[in-house]
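The following exercises examine a ligand site and one residue contact. Please work through each task before reading its solution.

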Amino acid sequence: MGEIKIPVVALRAMTILPEMITHFDVSRSKSVKAVEQALKDEQRLFIVAQKDPETEEPKQEHLYEIGTVVEIKQIVKMPHNILRVLVEGLFGARLKQLKGEEYLEGLVVRADPQDFGSMPSSGKEAMLRNLKEIFKGYCENSRKVGKDITRQVLECEELEKMIAQVMVHAPLSWEQQQSLLETQTMKERYEMLCIVLNNEVEIERFRRGIQEKVKARVDKNQKEYILREQMKVIREELGDEGPGAEAEQFRKAVKELSASKEVKERIEKEIQRFLNAGSNSAEASVIRGYIETLLDLPWDHRGEERLDLDKAKKILEKEHYGLEKVKERILEFLAVRKMLSGGESPILCLVGPPGTGKTSVARSIAHALNRKYVRICLGGVHDEAEIRGHRRTYIGAMPGRIVDGIRHAGVKNPLMVLDEIDKVSSDHRGDTFSALLEVLDSEQNMKFRDHYVELPVDLSEVMFLCTANDTQTIPRPLLDRMEVIEVSSYTENEKMHIAKDHLLQKQMKRHGLKKNQLQITEKAMGKIIHQYTREAGVRNLERKLASVCRKTDRELLESGKKRVRVTEKNLEKYLGKTIYEFQERNEKDEIGIVRGLAWTSVGGDTLEIEVNLMPGKGNLELTGQMGDVMQESARAGISYIRSISPEYGLEKDYFQEHDIHIHIPEGAVPKDGPSAGITMATAMLSAVLEKPVRADVAMTGEITLRGRVLPIGGLKEKLLAAGSAGMKTIIVPKKNQRDVEELSEEITGGLEFVYAEAMEDVIAHAFV
Ligand code: ADP
């Protein structure tokens with residue numbers, strides 16, 4: 001067949017296939033004119049797709065090569081110069097040439113695909129069935145093709161026709177249609193069609209799968225929503241739980257609360273807010289927590305106090321051994337309270353080494369007064385918020401420790417122990433101390449404000465009692481509000497009594513041991529005290545006894561014995577090897593070595609001071625972790641020695657030609673304070689004069705430049721340490737004589753005291 005000259009219409013994003021009956025709109029003037037021209041001729045047009053739908057004035061290169069010759073069936077004129085053209089595709093054709101000014105005119109040749117040739121009919125039949133199958137699947141899956149059409153297509157019995165029909169009726173994209181139109185053989189067309197349809201089916205299946213999942217999810221949400229709504233109704237029917245019911249309970253609790261009107265009104269307001277917040281919101285749970293805290297606080301609820309001095313005395317005596325001074329002070333304190341009928345009273349602060357029974361005395365006081373006992377540990381607290389709470393805007397906000405303590409006590413008048421008040425520190429985040437001041441100040445603590453609670457909490461009826469190891473780190477204003485009661489180290493005899501009468505009984509009870517099941521001989525107990533513990537208090541002692549009880553429990557069960565007797569000999573079985581050996585004094589009198597006595601917050605200790613002299617330039621070297629005060633005290637000592645050196649016949653420039661090195665062993669332990677003054681001076685003098693110092697002498701005292709000896713503190717602890725180190729003569733400042741005389745015979749017995757007013761007295765007794 002030859003070339004045909006024919007008007008051409010370029011279509012945007014559309015391909016028309018043979019046998020397709022469809023319409024398209026034209027508005028470009030060239031296209032309109034082409035249609036008009038066709039109407040004048042044979043009613044035929046060559047329709048071809050533009051490669052790029054955006055091209056306005058398409059030339060031949062802008063068009064696909066293959067298009068379709070169509071017959072115009074109907075024209076409708078639409079507004080805005082648009083022609084709607086209904087056409088039927090006749091056959092595929094190839095565009096050979098394109099020209100024309102007014103409208104496009106092309107030379108085209110018919111381009112039918114090559115047929116199946118000599119393919120056997122069975123092969124064609126197979127292909128036909130296959131295509132039908134695919135098309136059927138496609139239609140079922142996509143539901144884009146109407147039922148009638150599907151049936152009509154499936155009725156085709158001829159492969160070529162079937163291909164053409166499927167191409168026309170499957171709603172493929174125009175690109176897919178264009179590709180199909182361009183195929184050169186029927187076989188190729190068939191294969192491409194199968195692939196395209198199969199792909200479509202796959203895609204459709206995926207899409208469905210995804211959609212189903214999405215749908216399932218939506219369904220689930222909906223289901224939950226419905227269930228929740230139902231639950232709400234059920235709850236309402238049953239009249240329990242739910243915010244309404246919870247609020248009701250809160251309201252009931254408010255009625256029963258003994259609190260001021262202000263507090264009750266505040267809680268009522270919060271209950272209203274709670275109701276408005278909706279049942280499950282995060283806000284509701286914050287408000288709930290707040291309401292619960294407010295309801296828990298003992299606003300006006302107080303426990304009954306018993307101010308019976310006799311009874312108090314009995315309880316104190318029964319629960320603690322010794323501590324006479326402490327008990328006396330406490331009883332006085334209680335007497336004053338009674339006279340003032342519970343009015344304002346100072347705050348007691350028990351100060352002493354760890355394990356000396358401070359907290360346990362406090363507990364006894366609570367017991368004696370029949371007050372609830374709460375203990376707040378302040379060790380390591382450095383943030384004001386820990387005392388005063390966090391504002392509720394913080395996530396997870398809580399009341400501070402004080403209010404929390406009150407809440408735990410459940411009454412507004414507990415005895416509250418502020419433990420380790422000397423271990424509080426302040427940092428940039430807020431002043432912990434000023435918060436504590438407010439707590440302890442009777443003028444202010446009637447209206448203590450906690451950031452979380454917001455309402456003023458009345459602390460004026462709380463009885464505060466503080467404990468500390470050392471008063472030095474307690475800020476002055478805080479210390480001024482407190483009445484310090486010193487609790488000192490225990491002597492071995494005291495420890496023995498405490499161990500026998502209290503600790504052992506307590507631990508046996510805790511370990512389920514009956515009175516006759518464990519016996520520890522006095523000697524064994526002495527050994528535990530002496531060689532397994534070294535402390536000011538009795539905490540480790542208690543631990544060791546607990547350990548003996550544990551082992552006893554096991555032994556009784558395993559061996560079937562009736563009782564266990566711990567003696568000095570078998571003690572190792574229970575506690576292992578001894579930990580401490582007796583601290584012996586030096587064997588020999590030596591030059592440049594003197595024993596001093598030290599006080600630390602955990603008890604007394606002896607410390608050896610060594611001095612070496614060597615040729616040099618008059619330098620003074622100090623090692624062994626000495627604090628500033630101690631170093632100054634060493635310098636004062638050296639000045640004193642230089643000032644008296646002529647008396648000892650030393651050469652004038654002796655000190656310019658020698659270096660002095662002072663060292664205190666156990667360098668890991670920081671040491672400070674002035675009380676080693678005379679010790680260092682004596683050691684230096686001994687080194688300078690090359691005269692040995694008595695090994696059984698220990699000393700303590702501050703030195704001045706002129707060699708006067710000033711008094712020092714912590715004598716009891718120091719003397720206990722000196723005693724256990726086996727010292728004989730103790731040199732103490734004259735001004736401390738009274739303190740020594742006040743100490744019990746148990747501490748001072750066996751020690752010889754030298755009371756020194758000046759260094760001369762020290763020198764007279766220290767040197768051999
Ligand atoms: P602190 O608070 O001073 O560190 P604790 O109060 O914790 O010391 O005392 C440690 C243990 O020693 C407690 O079990 C306590 O009962 C006991 N204890 C301390 N001193 C005595 C004493 N004088 N009489 C009886 N038990 C004591």
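**Exercise 1.** How many residues surround the ligand, and which are the closest?

*Solution.* The model is a predicted one. First, count the shell: 20 residues surround the ligand. Next, identify the closest of these, namely Lys358, Thr359, Lys506, Arg539 and Glu542. Finally, sort the shell by residue type: it holds eight nonpolar, seven polar and five charged residues.

**Exercise 2.** Determine which polar atoms of the protein meet the ligand, and how much of the ligand is covered.

*Solution.* Begin with the ligand's oxygen atoms. One oxygen atom lies 2.2 Å from an N or O atom in the side chain of Arg539. An oxygen atom of the ligand is also found 2.9 Å from a polar backbone atom of Ser360. Then turn to nitrogen: a nitrogen atom of the ligand is 2.9 Å from a polar side-chain atom of Tyr490. As for coverage, the ligand on its own has 560 Å² of accessible area, of which the protein covers 90%.

**Exercise 3.** Locate the ligand among the pockets and helices.

*Solution.* The ligand takes up the space of the second largest pocket. Two or more shell residues are given by each of helix H12 (358–369), helix H17 (492–510) and helix H19 (539–559). The largest share, four residues, is contributed by H17.

**Exercise 4.** In which helix does Arg266 lie, and which side chain does the side chain of Arg266 meet in a polar contact?

*Solution.* Arg266 belongs to helix H8, residues 261–276. The side chain of Arg266 forms a polar contact of 2.7 Å with the side chain of Glu454. Setting aside residues up to four places away in sequence, Arg266 touches Tyr290, Leu294, Arg392, Glu454 and Leu455.

Definitions and conventions: Residues are numbered from 1 along each chain as its sequence is written. This is a predicted model: local features need pLDDT of at least 70, side-chain atom pairs count only at pLDDT 80 or more; totals for chains, interfaces and linings use all residues. Side-chain values use heavy atoms; hydrogens and water are left out. A residue is near a molecule or strand if one of its heavy atoms lies within 4 Å of it. A polar contact is a pair of N or O atoms within 3.5 Å; within protein, one must be able to donate a hydrogen and the other to accept it, and residues adjacent in sequence count only if both atoms are side-chain atoms. Accessible areas come from the Shrake-Rupley method with a 1.4 Å probe; for residues, only the protein chains shown count as cover. On a 1 Å grid over the protein atoms alone, a cavity is a set of points where a 1.4 Å probe fits but cannot get out, and a pocket is an open set with protein on both sides within 12 Å along at least five of seven lines; lining residues have an atom within 4 Å of a point. A molecule sits in a cavity or pocket if more than half of its atoms lie within 2 Å of its grid points. Ala, Val, Leu, Ile, Met, Phe, Trp, Tyr, Cys and Pro count as nonpolar, Asp, Glu, Lys and Arg as charged, and the others, Gly among them, as polar. Contact means heavy atoms within 4.5 Å.
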